[in-house]
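Student: I would like to take a close look at a single part of this structure, and to see how that part fits into the rest. Could you walk me through it slowly and in one connected account?

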Amino acid sequence: MTTAVIRALGALAHEAAHARPGPRCTCPPPAVLADRADGTVVRCGPVVAKAHAAGTDTAALSLRLGLAADPGLAGVLLAPLLVPPAAGPAVSGAASPYLTELHGRPVTLWPYGEPVDAGDPDTAPWEEAAVLLARLHRARPVPVQPGPGAPHVRATPPVLPAMRGPAKAALAVARMRAARPGDRAHASVLAAWRGLPPWVRDEAPAPAHRAHVLCHGDLHLGQLVRHSAPHGAWLLIDVDDSGPGDPAWDLARPAAWYAAGLLPPEVWFRFLGAYRAAGGPAVRADGDPWPELDLAARALTVQTAALALAKSAAEHRAPDEVEQVMIDACARIAALPPELAAGQSS
């Protein structure tokens with residue numbers, strides 16, 4: 001991201017933080033919280049501004065922002081902030097009071113939340129994440145009325161775009177192929193990928209019984225914050241991939257880590273137990289959860305390994321120890337008979 005865009009994000013966050021009259025500003029200089037290809041986040045005091053990825057479907061993002069603002073999901077999803085009127089015109093084709101544009105990138109504003117402490121894994125909020133997922137998966141969103149000053153939009157129920165889990169897995173495999181053309185290092189990852197059914201590879205619609213639960217779409221611990229910071233309740237953030245789909249996808253990353261030996265069994269069972277106790281519909285209430293989780297966990301294993309190979313190639317290095325664990329897990333998946341790879345969930 002260019003310095004000019006980062007400065008513009010900081011200025012917008014500052015403007016939003018001081019939209020109401022109050023004491024003289026004592027904010028520290030804007031701070032870059034993240035700067036990746038999929039988005040840049042800059043904080044100014046209690047507000048963060050996010051520039052979304054180039055090529056973002058702004059009509060779909062507008063619907064997802066409405067989801068995050070839904071009062072029925074208060075306490076589950078962090079709600080976006082209205083864009084200040086002076087911020088400029090809304091994004092073309094996106095009638096949302098929560099979306100604007102800077103330097104050709106769609107931009108949203110959010111309250112600042114305290115993230116998970118990556119340096120203290122023993123305090124990671126696994127149970128809290130599981131309960132939030134269960135509440136999200138059981139939700140029945142209602143149409144969201146536009147905020148003050150927004151263009152009039154007829155209050156019809158929004159048709160949310162599908163959860164983007166399979167699409168993100170397919171993009172990760174494509175990124176790996178582009179980064180390592182003809183490289184035998186990705187053979188096991190591709191073999192594991194080919195063993196998955198077409199809908200998991202984003203090549204066909206999901207079966208009807210796997211397509212209608214409201215999902216986050218990209219669950220990991222980086223998607224939780226405490227709001228109000230630093231001692232508020234945990235909330236889910238980043239709705240860029242949210243929508244109806246297979247709720248198993250939201251459990252798939254920790255499931256894949258557990259299966260690969262990266263997540264301790266006691267943590268996995270705490271997470272799974274909290275999800276079940278909260279009435280989460282992704283798995284049966286007791287007994288073996290893997291008939292429901294198997295396909296999504298395999299897909300997340302492939303996605304993680306593919307991104308590891310793409311990233312290590314771009315950085316001209318070998319995969320590190322953790323990355324290699326996921327690549328090796330793909331080799332084990334690829335060695336299974338096709339009927340086991342599909343399981344009972346296809």
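Tutor: A salt bridge, as the term is used here, is a side-chain nitrogen of Lys or Arg lying within 4 Å of a carboxyl oxygen of Asp or Glu. Behind the term stands a general idea, namely that side chains of opposite charge can pair when their charged atoms come close. Please keep in mind throughout that the model before you is predicted.

A small example lets us try the definition out before we turn to the part itself. Asp183 and Arg180 form a salt bridge, and their closest N and O atoms are 2.8 Å apart, so the pair falls within the limit of 4 Å. The two partners differ in how they meet the surroundings, for Asp183 is partly exposed at 27% relative accessibility, whereas Arg180, at 12%, counts as buried. The reason for the two labels is the cut-off, because buried means under 20% relative accessible area, exposed means over 50%, and partly exposed is what lies in between.

Across the whole structure a search finds 15 salt bridges, and the part I suggest we examine closely is Asp241, which takes part in a network of them. Asp241 is found in the loop between β9 and β10, and with a relative accessible area of 4% it is buried. One of its partners is Arg164, whose side chain meets that of Asp241 in a salt bridge with a distance of 2.5 Å from N to O. Arg164 sits in the loop between α3 (126–137) and α4 (165–179), while Asp241 sits in the loop between β9 (233–236) and β10 (243–245), so this pair ties together parts that are 77 residues apart in sequence. Unlike the buried Asp241, Arg164 is partly exposed, with a relative accessibility of 27%.

Lys168 also forms a salt bridge with Asp241, and here the closest N and O atoms are 3.2 Å apart. This pair, too, links distant parts of the chain, since Lys168 belongs to helix α4 and Asp241 to the loop between β9 and β10, with 73 residues separating them. The relative accessible area of Lys168 is 22%, so Lys168 counts as partly exposed. If we now step back from the single pairs, we find that Arg164, Lys168, Asp218, Asp241 and Arg253 are linked in a network of salt bridges.

The wider surroundings of Asp241 can be described in the same patient way. Once its neighbours within four places in sequence are set aside, Asp241 is in contact with Arg64, Met163, Arg164, Lys168, His216, Gly217 and Asp218. Two of the names in that list, Arg164 and Lys168, are the salt-bridge partners we have just met. Ala162 offers another way to see how the chain comes back on itself, for Ala162 and Asp241 are 79 residues apart in sequence, and yet their C-alpha atoms are 8.2 Å apart in space.

It helps to set this part against the whole chain. The protein chain has 10 helices and 10 strands, and 47% of its 346 residues count as buried. Among contacts between residues at least 6 apart in sequence, 72% join residues at least 24 apart, and the salt bridge of Arg164 with Asp241, whose ends lie in parts 77 residues apart, is a local example of such a long reach in sequence.

Helix α3, which comes before the loop that holds Arg164, has a packing partner of its own. The axes of α3 and helix α7 (residues 265–277) come within 8 Å and cross at roughly 30 degrees, and the crossing is right-handed. On the side of α3 the contact is made by Trp126, Glu127, Ala129, Ala130, Val131, Leu133, Ala134 and His137, and on the side of α7 by Val267, Arg270, Phe271, Ala274 and Tyr275. Sorted by class, the contact of α3 with α7 has 10 nonpolar, one polar and two charged residues.

A second helix pair may be laid beside this one. Helix α5 (residues 187–194) and helix α9 (residues 321–335) pack at an angle of about 45 degrees, with their axes 8 Å apart, which makes α5 oblique to α9. This crossing is left-handed, and the contact of α5 with α9 has eight nonpolar, one polar and no charged residues.

Methods: Residues are numbered from 1 along each chain as its sequence is written. This is a predicted model: local features need pLDDT of at least 70, side-chain atom pairs count only at pLDDT 80 or more; totals for chains, interfaces and linings use all residues. Side-chain values use heavy atoms; hydrogens and water are left out. Helices (H or I, at least four residues) and strands (E, at least two) are DSSP runs, numbered from the N terminus. Buried means under 20% relative accessible area, exposed over 50%, partly exposed in between (1.4 Å probe, protein chains only). Axes are lines fitted to C-alpha atoms, for helices over the stretch in contact, and angles run from 0 to 180 degrees between N-to-C directions. Angles under 35 degrees count as roughly parallel, over 145 as roughly antiparallel, 65 to 115 as roughly perpendicular and the rest as oblique. A crossing is left-handed if the near helix is turned anticlockwise from the far one by less than a right angle, and right-handed if clockwise. Ala, Val, Leu, Ile, Met, Phe, Trp, Tyr, Cys and Pro count as nonpolar, Asp, Glu, Lys and Arg as charged, and the others, Gly among them, as polar. Contact means heavy atoms within 4.5 Å.
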